[in-house]
Each structure stands twice: as structure tokens, then as C-alpha cells.
Amino acid sequence: MTDITCRHSGISSDDPPTEAAFLYVANLYAEGKLYCVSDGSFNPSLGRGSQAWIMTDERQQHSMTGAGPADGNPSTMSAYRPELQGLLASVLVLRSMNAAYDIPTGAAVTLVCDNEAATVELDKIVSDPLHAIDPLQTDYDILLELQGEITNSTSTFIIKWIKGHQEDKVPLDQLDFLALLNIDCDRRAKAFLRLNTNETLQPPVILHHEKWGAVANGHKITANLRETIYELYTFSATKTYLCKKFAWEPTVLSTVAWEGLNNAKATLKSPRNTFTSKIMYDKLPVAERLHFFNSSESPLCKTCNKAVETQQHLFQCREHNCRRHRLHCWIKHSKVFLIQGHTARLIMDAIDGNVRHYLKLPPRPTKWQTSQGNRSVVAAVQRAIVAQHALGWDRFLSGIISKKWGVAQRLYQEISGDYPKRRPRTWAEGIIKSLWDFNHDVWLYRNAIKHGVTQEEQSRARRARVVALVNDRYLHRPHLDPKYKFLYNKPLHKRLEEGNRTLYAWLSSVANLSSLSTKPATRQQSIDMHATFTRLSDTQMGRLRRPMRRLRRLSDQTPAKSGAPLKSKFALGQSSPSETRLLTGMWNFATASPPTPLIKSKARKKVFHNSIRSKQAKLLWDRGRTARMMN
Ligand SMILES: [Zn+2]
């Protein structure tokens with residue numbers, strides 16, 4: 001980057017610019033008639049860029065030209081960066097001319113460029129000396145350098161945008177000189193790139209006005225700063241997690257078509273996006289998982305009522321209707337990526353056979369590809385199958401597919417020329433999306449069976465759930481303080497005549513009150529107080545700190561020295577609960593007003609025993625004795 005200025009040799013003639021050219025350009029500069037046209041070129045497959053510039057005026061008696069590489073990370077290089085570097089190169093050349101020749105202060109220079117984003121950004125820099133460039137912007141480093149050079153310079157800069165590639169529509173002799181210069185720059189930049197493709201990349205340099213930069217893996221981070229740093233930060237942990245979770249070899253990780261996955265995920269809206277994440281990481285709320293968190297849920301599959309419903313079982317359930325539905329869905333969605341994605345029939349056969357095997361479905365009666373396929377495509381498909389075996393076919397269904405599928409598809413498309421009309425960003429994106437649609441259909445079917453489709457079915461299921469819970473509470477009665485025994489006054493069949501809401505209120509009362517083992521300070525007044533959750537004052541709630549109670553009880557069991565008085569009321573010393581310990585905090589209630597601080601109990605009235613053995617009396621007696629002895 002920094003060596004651009006010393007690279008400026010005219011591409012057309014290898015000689016350095018003559019003294020006459022220098023003087024001519026310097027004169028133009030001093031008179032304020034100088035035009036600096038620059039352009040960048042970018043090769044996406046190489047990730048390399050180059051820039052070229054020219055300094056002259058309309059008459060073009062002499063000119064100064066230059067071309068050079070555009071350095072940067074090949075994976076984040078864009079057409080924008082070379083454009084900026086071209087502009088920077090011309091600004092740097094102007095600075096050295098300013099130092100060498102007698103250029104008056106405020107001499108105007110017109111910077112011409114065909115990139116709209118670059119001109120807009122440069123306009124802001126030129127018009128506002130205090131303009132703050134957003135540090136998250138792409139190619140922030142070069143923009144900062146440009147800003148630094150422009151603010152340090154004594155010249156005035158005029159930014160001009162010109163339409164690029166005008167020669168495509170208008171004949172050359174009708175174009176104005178700036179358009180011609182732009183075309184010339186474009187050609188020289190392309191030529192430079194062609195000649196220097198094998199040149200090794202320069203190590204990253206922190207620029208003068210940039211002051212600091214982040215360098216990772218030998219490249220400066222110039223785009224997507226946050227994402228790149230986040231990725232670098234989480235990469236190793238993610239890698240270990242995935243390898244452990246899916247029992248993958250670490251080398252397998254790089255064979256996944258992450259790009260297609262990323263593109264497909266980005267197009268999804270929020271609820272479906274969450275669903276696909278759950279699918280991908282085996283985190284669907286299937287019965288087994290629900291049972292793990294809540295033992296009152298059945299772990300069984302509701303379709304077959306035989307096996308435990310894991311995420312795998314969801315796709316392998318043997319129940320007749322379930323299988324039929326799955327087959328129907330698979331045919332529907334595989335047709336989508338055959339037709340819309342213009343997928344090779346050889347690939348379709350490979351995917352179809354293996355996925356059907358995983359889904360426990362019968363194989364397809366006739367193959368998609370009936371004739372003998374192209375040999376190299378067949379070989380590519382074989383490689384893809386092997387790679388997918390290493391990843392797993394259950395992963396394939398969840399959208400984690402091998403890169404090799406894309407390779408095979410590209411090969412097929414190059415040979416047959418069978419391209420879809422609107423090409424997606426990647427072929428994998430389309431296939432992954434229809435796989436997710438398939439997953440979602442299977443999930444919907446399972447939900448319909450489990451929760452019912454009509455409102456009546458759903459309400460019946462809800463009722464069955466609450467009835468089961470109440471039954472369970474009657475079967476296994478929790479411990480209740482005698483004064484809460486009235487909760488069980490009604491026999492079970494009477495209780496079950498109540499509505500869902502009442503039953504849930506009853507269940508929560510039982511759950512809450514069964515935890516109390518001592519009486520609260522005030523008497524329970526009426527049953528109505530239960531329905532509202534205000535039945536206990538904050539003081540009393542403070543007393544219900546269950547973990548603390550348990551600890552206190554434990555500490556009481558330690559053999560205390562007889563007669564040694566307890567230092568504080570509680571062995572653990574804490575006598576007022578912290579806010580989070582209050583029941584409201586535990587239950588996450590939204591209280592209208594925060595709990596009031598505890599009221600300290602009044603000091604007990606001193607009670608004197610009338611016997612001489614009482615401690616107080618002994619103390620009195622002793623005090624009297626000392627007084628006597630002093631006499
Ligand atoms: Zn089942």
C-alpha cells in the first residue's frame with residue numbers, strides 16, 4: 001500500500017515520466033486545472049485488486065500515469081477497495097509534487113472516480129473537516145488515510161463522479177475526455193492485475209493516519225470488523241463444540257457447505273429461523289426433552305405410542321400414517337429442489353436413496369437418472385456421498401450438507417449447461433431451504449397428532465393435562481401444615497368438576513403452601529386470600545426463605561456448648577433477606593410495589609425469674625458482692 005507512489009511508472013511506456021511531464025502537471029496543479037482520474041480493478045476469483053491513475057488536463061500534452069496493486073485480505077476484497085486505493089495513490093503523488101514544486105496554497109485539483117460510494121464518502125471528507133468516519137465501515141483504514149492526507153494538504157479538492165464503462169454504449173469519438181481517461185485507467189489497472197497475478201501479497205501495514213489496526217491470520221481486518229472479530233473469538237470453541245456434539249473428525253468441519261447454510265439462514269424470518277436452529281442442533285422440544293425437564297410429561301411418541309420420541313424418532317417413526325405423510329412430504333420437497341434448483345438427476349438419486357434409507361421409507365421405484373450419466377459427474381457424486389457419510393445423513397436433513405454436492409452440481413451444470421433462470425447465490429442455499437421446509441412439515445404433522453388440529457381437540461388435550469396433574473396431587477399428597485389441610489377438603493371427583501383456571505390456582509396453592517412448615521405470623525383469614533397472591537406480608541415472605549431455613553436447621557444440629565449463648569438470632573448471622581431471596585423474586589412476580597423492608601421485631605421485655613438461680617439475679621447478686629468487698 002505504502003509503496004504505491006514508487007510504483008508509478010506508465011504502463012504504456014515503461015520509462016519514468018519525463019521532466020517535461022512533471023513540469024506540465026505541476027503547472028496545471030498550480031493553475032488549478034489539474035484532473036486526477038483513477039480507477040480500480042477487481043478479480044473476485046483471485047481476491048486480488050489493482051488500481052491505476054492519470055494526471056493531466058483536457059489538452060493532454062503531457063500526462064503522468066501510474067498503476068499499482070491494491071493490497072488487502074483476498075477474502076474480503078471488493079471492487080470498492082481498489083477504487084479507494086487509486087484515489088489515495090493520486091492524493092499521495094499530489095503531496096510529493098506539492099513538496100517538490102512551488103504550488104500556491106489553495107490550488108484546486110479535481111479527483112475523478114467512477115465509484116459512487118467512494119465519491120459520496122470522499123465528498124463528506126472534503127466538505128467537512130471534522131467529519132467522523134464510521135469505524136465499522138468497510139475499508140475504514142484507507143478512508144482514514146485519505147482523510148488525513150486531504151486535511152494535511154494545502155490544496156482544495158473537488159470530487160467528481162463519472163459514469164464508468166461508457167464505451168459499452170457510446171462510440172469512443174463521442175465521449176468527453178474524462179470518460180476516455182477513465183477507460184484508459186480501467187484498462188491499465190486490468191493489465192496490471194493480469195501481469196502481477198503471481199506476485200506475493202505484501203504483509204499488512206498499519207497506515208500513518210490509521211494509527212491502529214487489527215491484524216488476524218496475516219491479514220488486516222478491513223471489513224465486517226465486528227463479525228470477523230466475533231468469528232475469530234468464537235471459532236475454536238464452536239469447532240470443539242460441533243465436533244464433540246456430532247462426533248465429527250476436526251477435518252470434517254471444513255467440508256460443510258457453510259456459505260450456503262449462511263445464505264439460507266439469512267433469508268429466514270425469525271420464528272422459522274429459531275426452528276431451524278433447533279433442528280440443526282438437536283434441540284427440538286420433542287417428548288423426550290420435555291420429559292427430561294418435567295417428569296409429568298410422557299416421553300412416548302404420540303403417533304406410535306411405542307418408542308421414546310427423540311428427534312431422530314421424529315423422522316423414523318414406524319407408524320403407518322406417519323410414514324405415509326413423511327413419504328408424501330419428501331416427494332413434494334425433493335421435487336422442489338429438483339425442478340427449481342435444476343439439480344442433476346444423478347445427485348437426486350444419490351440424495352434420494354440415502355435420505356429415504358434414513359427416513360425408513362421404501363426406495364424410489366424408478367431412478368431419476370435412467371440413462372448412464374456423465375462419468376466425471378458420477379465420480380463427483382460418489383465423492384459427495386462419501387463426504388456426506390462422514391457428516392451423517394441426519395445432519396444432511398437438518399441442512400448441514402457437504403461442499404462436494406455443490407462441486408458435483410457445478411460440474412454437471414458446466415457440462416450440460418442446465419442453469420436455472422434466476423440463479424440463486426449458491427445451489428446449496430436452495431436445497432437447504434427445501435430440506436428445512438421438509439423438516440417443518442414433519443414437525444407440523446407431529447404437533448397436529450400431539451395437540452390436535454381443531455380447537456375442540458386442543459382444549460381436550462389441555463383439560464387432560466390439568467386433570468392428570470390434579471390426580472397426581474391427590475395420589476401423592478404433599479406435606480401441608482394443619483391449617484392448610486382445607487385444600488384437600490373436597491374429594492377428588494368434586495375437585496375435578498372445577499374449571500381449568502380454578503384447578504391451576506388450586507395446584508399453585510398446594511405447591512406454594514406445601515413448602516411452609518411453620519406458621520406465618522398472622523392467621524390465614526379466608527380462602528379468598530389464596531386466590532390473590534397477597535396473602536402473606538413481606539415480613540412473612542422473608543421468613544419463607546427456604547434455603548436459609550434449611551441451612552439454619554442444619555446449623556442447629558451441631559452440638560452447641562451447653563450454656564454458651566448464641567451470638568445472634570441465627571447461626572449464619574444474616575437476619576434480613578436480600579431482595580432476590582424474597583418469594584416474589586423466586587417466582588418472578590411483577591409486584592406493583594417493591595417489597596417493603598422487614599420490620600424488626602420489638603425487643604423482648606425483660607422477664608425476671610423470681611428464683612435466685614436465674615442468671616439475671618445472679619449477676620445482680622455478684623455485683624452486690626463486689627461492692628461489698630470494695631468497702
Ligand atoms: Zn413414533
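## Close-up views

**View A. Cys329 is buried, with a relative accessible area of 2%.** Buried here means under 20% relative accessible area, exposed means over 50%, and partly exposed is in between (1.4 Å probe, protein chains only). The closest cysteine sulfur to that of Cys329 belongs to Cys322, and at 9.7 Å the gap is too far for a bond. One caveat before moving on: this is a predicted model, where local features need pLDDT of at least 70, side-chain atom pairs count only at pLDDT 80 or more, and totals for chains, interfaces and linings use all residues. Residues are numbered from 1 along each chain as its sequence is written, and side-chain values use heavy atoms, with hydrogens and water left out.

**View B. Cys185 sits at 0% relative accessibility and counts as buried.** Scan the whole structure for disulfides (pairs of cysteine sulfur atoms within 2.5 Å) and you get zero. Cys185 is no exception, being in no disulfide, and its nearest cysteine sulfur is that of Cys36, 9.8 Å away.

**View C. Three cysteines and a histidine hold the zinc ion: Cys301 (SG), Cys304 (SG), Cys317 (SG) and His313 (NE2).** They coordinate it at 2.0 to 2.4 Å. Donors are N, O and S atoms within 2.8 Å of the metal (3.2 Å for Na, K and Ca), and as water is not among the atoms, sites may look incomplete. The arrangement is tetrahedral because the four donor atoms subtend angles of 102 to 115°; for four donors, that label asks that all angles lie between 85 and 135 degrees. Written along the sequence, the spacing of the donor residues reads C-x2-C-x8-H-x3-C. Cys301 and Cys304 are both buried.

**View D. Helix α6 (residues 225-245) bends by about 45° at Thr234.** The bend is the angle between axes fitted to the seven residues ending at a residue and the seven starting there. Helices are DSSP runs of H or I with at least four residues, strands are E runs of at least two, and numbering starts at the N terminus. With 21 residues at 1.5 Å a residue, α6 should span 30 Å, and its end C-alpha atoms are 29 Å apart, which agrees; the expected span is 1.5 Å times one less than the number of residues. Thr234, at the bend, is one of the buried residues of α6, alongside Leu242 and Cys243. Part of the cover over these buried residues comes from α7 (258-267). After α6 comes Ala247, with a positive phi near 55°.

**View E. Ser90, in helix α2 (residues 80-100), counts as buried at 1% relative accessibility.** Skip the neighbours within four places in sequence, and Ser90 is in contact (heavy atoms within 4.5 Å) with Cys36, Ser38, Trp53, Met55 and Leu111. Met55 is 35 residues away along the chain, yet the two C-alpha atoms are separated by 8.0 Å.

**View F. Ala350 belongs to helix α12 (residues 345-358).** At 10% relative accessibility, Ala350 counts as buried. Not counting residues up to four places away in sequence, Ala350 touches Val381, Ile385, Trp393 and Trp405. From Ala350 to Val378 it's 28 residues in sequence and 9.8 Å in space, C-alpha to C-alpha.

**View G. Zoomed out, the protein has 24 helices and seven strands.** Of its 631 residues, 40% are buried. Among contacts between residues at least 6 apart in sequence, 67% join residues at least 24 apart.

How values were computed. Four donors count as tetrahedral if all angles lie between 85 and 135 degrees; four count as square planar and six as octahedral if opposite donors are over 155 degrees apart and all others between 65 and 115; anything else is irregular.
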